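Please open the model in your viewer and keep the sequence panel beside it, since each stop on this tour begins with a selection. The stops follow one another in an order chosen for a reader who has not met this structure before.

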Amino acid sequence: MTIEFAQSAQSTLGVEWELALVDRSSGELVPVATEVLREIRANHPALQDDDEHPHIKQELLLNTVELVTGVCTTVGEAKEDLTRSMAAVREVTDRLGVELFCAGSHPFSAPRSQQVTDKERYAKLIDRTQWWGQQMVIYGVHVHVGVDSRDKALPIVDGLTNYFPHFQALSASSPFWCGEDTGYASQRALMFQQLPTAGLPFHFDDWAGYESYVQDMFTTGVIDSIGEIRWDVRPVHNLGTVEMRVCDGLSTLQDVGAVAALTQCLVQEFSDTLEAGGRIATMPPWHVQENKWRAARYGLDAIIILDAAGNEQLVTEHLAEVLNRLEPVAARLGCSAELADVEAIMERGAGYQRQRRIAEEHGGDLRAVVLDVVRQLRTGTSRP
């Protein structure tokens, strides 16, 4: 199998932001995505009845819409794109008494009660995965970064995999599941990896090795399209990007911008290394797997493995070093302010920490948690 890698300008950017639809009063998930998307299309004069909006998409569940940017040059441009799409969604949802919510999972709505979007590929997924597929009431943020050479794509995937726990810890926002505190910072991380072909990516020495893997997946009937490879970090051949998919849902545009900037800067740094003839270090898969678990369990308090030698450090301490190192890269890319917002997340705490604090302040009432996330998303700030 030959897989062509599309032409893409280095470090261009695209962001996908999954948003849940919840009842304004109860905080429960509501299956109104079809109605919301229909009205959004009606408000867009260039779209016909059956046309898909270019930046507001259907998702697996009818309680979800996804905002998708166009190809952007800077993180600021991507944030402006998301702001316009958010406004278009709110123009409809405000009339319906529906609020927007974004975290890694909903704290109490029953997963198996959620309605699935009526599309063949979604029906096939649920039929194949059964109970696990029915649990996928999870929300995330995906960041695509353009890569100008196919030969850079897989080494950059390896490089981003080394930073999996950093992104997981910063974004972790799914401590509750079906009304219970799981004890994890990110329940979503462990839930999503139960799907076939989801989870951590494999390492390949070259593009031909990746092509051979994909061919095997088709031959054995594991996938019907390359998009069904749902790794936490993956190359996207038809877009010419590497996609970072590890992040839990984020409740403010500021935080979305922060993880987008960190992703963009790391990809650019890896590209520079490869162009200079350098190599990107990898870790044994058991170290990578352990880092994923530690970040999902402990979030910003995780002590992570840094290298193949087994050296360890608190994730926030290592992140501080990484941010200092990336400052010149951020200046080149025009995202210095957004990269600095990563430090703001560490200073005030991640989503899972706030959710637990809100729950405690309200006697365990998880409706208060949902409404607090709703408020953050509407006001754009996590401050009280």
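Begin by selecting Phe5, Phe202, Phe204, Trp207, Tyr210, Tyr213 and Trp231, and show their side chains, for these residues are linked into a cluster by ring pairs. What you are looking at is a predicted model, and in the structure as a whole there are 13 aromatic pairs. One of these pairs is formed by Trp131 and Trp132, whose rings are arranged edge-to-face, with 4.9 Å from centre to centre and 85 degrees between the planes. Colour these two by accessibility and you will find that Trp131 is partly exposed, at a relative accessible area of 40%, and that Trp132 is likewise partly exposed, at 37%.

While you are in this part of the sequence, add Gln130 to the selection; this residue belongs to helix α3, which runs over residues 120-134. Gln130 is not a glycine, yet its phi is positive, at about 55 degrees, and its relative accessible area of 43% makes it partly exposed.

Stay with helix α3 and move to Lys124, which forms a salt bridge with Asp224, the closest N and O atoms being 1.7 Å apart. Lys124 lies in α3 while Asp224 lies in the loop between α7 (207-219) and β9 (230-231), so this pair ties together parts of the chain that are 100 residues apart in sequence. Lys124 is partly exposed, with 47% relative accessibility, and Asp224 is also partly exposed, at 47%.

The next stop concerns other charged pairs, and how many salt bridges does a search of the whole structure find? The search finds 23 of them. Select Glu99 together with Arg90, which form a salt bridge whose closest N and O atoms are 3.5 Å apart. Is Glu99 buried or exposed? With a relative accessibility of 9%, Glu99 counts as buried, and Arg90, at 10%, counts as buried too. Another pair to display is Arg245 with Glu243, where the closest N and O atoms of the salt bridge are 3.4 Å apart, and here both residues are buried. Now extend the selection to Arg24, Arg90, Asp94, Glu99 and Arg378, which are joined into one network by salt bridges that share partners.

Two further arginines are worth viewing against aromatic rings. Centre the view on Phe192, and you will see the charged end of Arg188 sitting over its ring, 6.0 Å from the ring centre. Then turn to Tyr184, where Arg297 lies over the face of the ring, at 6.0 Å from its centre.

From there, go to helix α12, residues 351-361, and pick out Arg354 within it. The side chain of Arg354 makes a polar contact of 2.6 Å with the side chain of Asp372, and Arg354 counts as buried, because its relative accessibility is 11% and the limit for buried is under 20%.

For the interior, which residues touch the most other members of the largest nonpolar core? Trp17 and Leu262 do, in a core that counts 88 residues. The element that gives the most to this core is helix α8, residues 253-275, with 10 residues. Apart from this core lies another, of 21 residues, and you can locate it by selecting some of its members, including Val22, Phe101, Val137 and Met191.

Now show helix α8 by itself, and draw a distance between its end C-alpha atoms. These atoms are 33 Å apart, which agrees with the 33 Å that the 23 residues of α8 should span at 1.5 Å a residue. When you bring the remaining residues back into view, α8 proves to be largely enclosed by the rest of the structure, because 17 of its 23 residues are buried. Just after α8, look at Gly277, which takes a positive phi of about 90 degrees.

The last stop is Ser11, in the segment before β1 (13-23). Ser11 has a phi near 65 degrees, which is a positive value in a residue other than glycine, and it is buried, with a relative accessible area of 3%.

Methods:
Residues are numbered from 1 along each chain as its sequence is written. This is a predicted model: local features need pLDDT of at least 70, side-chain atom pairs count only at pLDDT 80 or more; totals for chains, interfaces and linings use all residues. Side-chain values use heavy atoms; hydrogens and water are left out. A nonpolar core is a set of buried Ala, Val, Leu, Ile, Met, Phe, Trp, Tyr and Cys residues joined through side-chain atoms within 4.5 Å. Buried means under 20% relative accessible area, exposed over 50%, partly exposed in between (1.4 Å probe, protein chains only). Helices (H or I, at least four residues) and strands (E, at least two) are DSSP runs, numbered from the N terminus. The expected span of a helix is 1.5 Å times one less than its number of residues. A polar contact is a pair of N or O atoms within 3.5 Å; within protein, one must be able to donate a hydrogen and the other to accept it, and residues adjacent in sequence count only if both atoms are side-chain atoms. Rings of Phe, Tyr and Trp (its six-membered ring) pair if their centres lie within 6.5 Å; planes under 30 degrees apart count as stacked, over 60 as edge-to-face and the rest as tilted. A charge sits over a ring if NZ of Lys or CZ of Arg is within 6 Å of the ring centre and within 35 degrees of the ring normal. A salt bridge is a side-chain nitrogen of Lys or Arg within 4 Å of a carboxyl oxygen of Asp or Glu.
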